[in-house]
Amino acid sequence: MLQVLNFCKRSGAVGGPIILGIESSCDETGAGIVRDGRLLAHVVASSMDEHAVFGGVVPEIAARAHLQAFNPVVREALDQAGLRLGQVDAVAVTTGPGLSGALQVGLAGAKSLAYAAGVPLYGVHHLAGHVAADTLEHGPLPTPCVVLIVSGGHTSLLYVRDLVREPILHLGDTLDDAAGECFDKVARIMGLSYPGGPAIDRAARDGNPRAVDFPRPLTRPGDDPYAFSFSGLKTAAARWVEKHRALGVDLPVADGAAALQEAVADVLSRKALAACKAYDVKTLIVVGGVAANSRVRALTEQRCAAAGIELRVPPMTLCTDNGAMIAAVGDLLVRSGAEPAPLDVSIDPSAPLEYASLTPLPAPSVRAA
């Protein structure tokens with residue numbers, strides 16, 4: 001069963017071009033409409049319930065759900081904004097990274113909309129969308145800023161200047177499991193529901209974060225100061241669970257969840273603040289699904305306040321995957337005069353984050369000898 005989440009129209013601004021954004025990289029079909037940096041519509045359909053029974057996202061189910069949700073989500077977004085498709089000036093769509101089938105559905109739908117409306121199409125990098133989501137709440141990005149992206153599949157520290165005009169500098173990335181992936185896997189081991197991040201957050205409310213001394217990966221002297229690794233933390237949590245079960249004693253889930261969450265929040269905030277200090281940056285932006293975690297937010301806010309760093313975090317509805325963030329990138333690209341995607345733009349499921357605009361060339365054709 002698809003869950004459609006509707007978000008109120010936030011502005012009736014007039015003036016600039018109207019951008020429709022489409023997101024379909026994983027298990028959420030999103031459509032958003034942005035004009036002059038203002039959010040006009042924001043609709044998301046989630047197939048999470050269908051994946052929950054399997055404990056993770058099933059690519060074939062995700063692609064089918066996108067096919068079912070695409071038209072209703074776009075129609076609802078246009079209705080929210082009080083617009084017709086013919087009033088849209090450009091379409092932006094996630095072309096990578098993500099699940100191949102899911103991306104294909106979104107791109108095919110976006111191409112159809114752009115063709116029907118007679119407007120240009122822009123291919124957008126999914127992670128750049130997460131960065132741009134903050135502009136819908138707090139306005140233009142400070143130049144420069146440090147951005148911490150934390151989600152189910154990505155954990156990265158970025159140095160961002162002009163998001164759509166200049167290359168994005170990676171200060172550090174995850175070497176193995178991302179923070180959200182660690183939450184998902186440990187939640188399953190503890191017997192909590194999927195998705196693991198929200199389940200860990202809920203369970204941790206009644207726990208003691210100091211009850212278990214979980215490791216803080218890559219925080220010792222000599223370690224890469226900006227790289228992340230959560231595989232070892234996941235393993236430590238699994239061994240802790242196994243020890244309790246081997247002894248036949250009740251598992252203190254709340255304490256384990258609180259301690260795990262504390263370890264993740266400690267590592268993320270510590271490295272992000274170190275990057276701000278090293279690069280003399282006064283603004284830290286935290287985005288992505290794990291940015292919705294209450295302890296990640298609280299500890300990062302506490303440490304930023306102590307260091308005199310401005311912290312910007314989008315509202316939770318803009319932290320998870322959505323079309324509004326893709327429309328926000330499209331809006332910036334159009335206003336910067338960027339070239340639209342070529343007609344034969346394709347997806348790139350493993351696209352590295354180098355630029356906000358993502359228009360990989362199609363694979364070369366193979367001719368018979």
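## Phe-230 and its surroundings

In this predicted model, Phe-230 touches a set of residues that lie beyond its close sequence neighbours, if those up to four places away are not counted. On one side of the numbering these partners are Thr-155, Asp-176, Asp-177, Ala-178, Ala-179 and Cys-182, and they also include Val-264, Val-267 and Leu-268.

## Two nonpolar cores

Phe-230 is also among the residues that touch the most other members of the largest nonpolar core, which has 49 residues. The others in that group are Leu-148, Leu-157, Phe-214, Leu-260, Leu-268 and Leu-284. Several elements give two or more residues to this core, namely the strands β7 (145–150), β8 (155–160) and β10 (283–287), together with the helices α6 (179–190), α7 (196–204), α8 (231–247), α9 (253–278) and α10 (294–307). Of these elements, α9 gives the most, with 13 residues.

There is also a second core, separate from the one just described, which has 34 residues and includes Val-34, Leu-127, Val-131 and Leu-318.

## Helix α4

Two of the residues named for the second core, Leu-127 and Val-131, are also among the buried residues of helix α4. This helix, which runs over residues 126–133, is mostly covered, as 8 of its 8 residues are buried. Besides Leu-127 and Val-131, the buried residues of α4 are His-126, Ala-128, Gly-129, His-130, Ala-132 and Ala-133.

## Ala-92 in strand β5

Is Ala-92, a residue of strand β5 (residues 90–96), buried or exposed? Its relative accessibility is 0%, and because a residue under 20% is called buried, Ala-92 counts as buried.

Apart from its neighbours within four places in sequence, Ala-92 is in contact with Ile-19, Leu-20, Gly-21, Ile-22, Tyr-122, Val-124, Ile-326 and Gly-330. Ala-92 can also be compared with Gly-30, from which it is 62 residues apart in sequence and 12 Å apart in space, from C-alpha to C-alpha.

## The chain as a whole

The protein chain has 12 helices and 11 strands. Its radius of gyration is 21 Å, close to the 21 Å that the globule rule gives for 369 residues, so the chain is as compact as a globular protein of that length. The C-alpha trace spans about 65 × 55 × 45 Å along its principal axes.

Of the 369 residues, 53% count as buried, while the accessible surface of the chain comes to about 15,700 Å², of which 53% belongs to carbon and sulfur atoms. Among contacts with a separation of 6 or more, 74% are between residues 24 or more positions apart. The chain has 31 positive and 38 negative charges, and the mean positions of these two groups are 2 Å apart.

Conventions
Residues numbered from 1 in each chain as written. Predicted model: local features only at pLDDT ≥ 70, side-chain atom pairs only at ≥ 80, totals over all residues. Heavy atoms only, no water. Helix = DSSP H or I, 4+ residues; strand = E, 2+ residues; numbered from the N terminus. Rg over C-alpha atoms; globule rule 2.2 N^0.38 Å. Buried < 20%, exposed > 50% of the residue type's maximum accessible area, 1.4 Å probe, protein only. Contact = heavy atoms within 4.5 Å. Areas by Shrake-Rupley, 256 points an atom, 1.4 Å probe, with all protein chains shown as cover. Lys, Arg positive; Asp, Glu negative; His and termini not counted. Charge placed at Lys NZ, Arg CZ, Asp CG, Glu CD. Core = buried A, V, L, I, M, F, W, Y, C linked by side-chain atoms within 4.5 Å.
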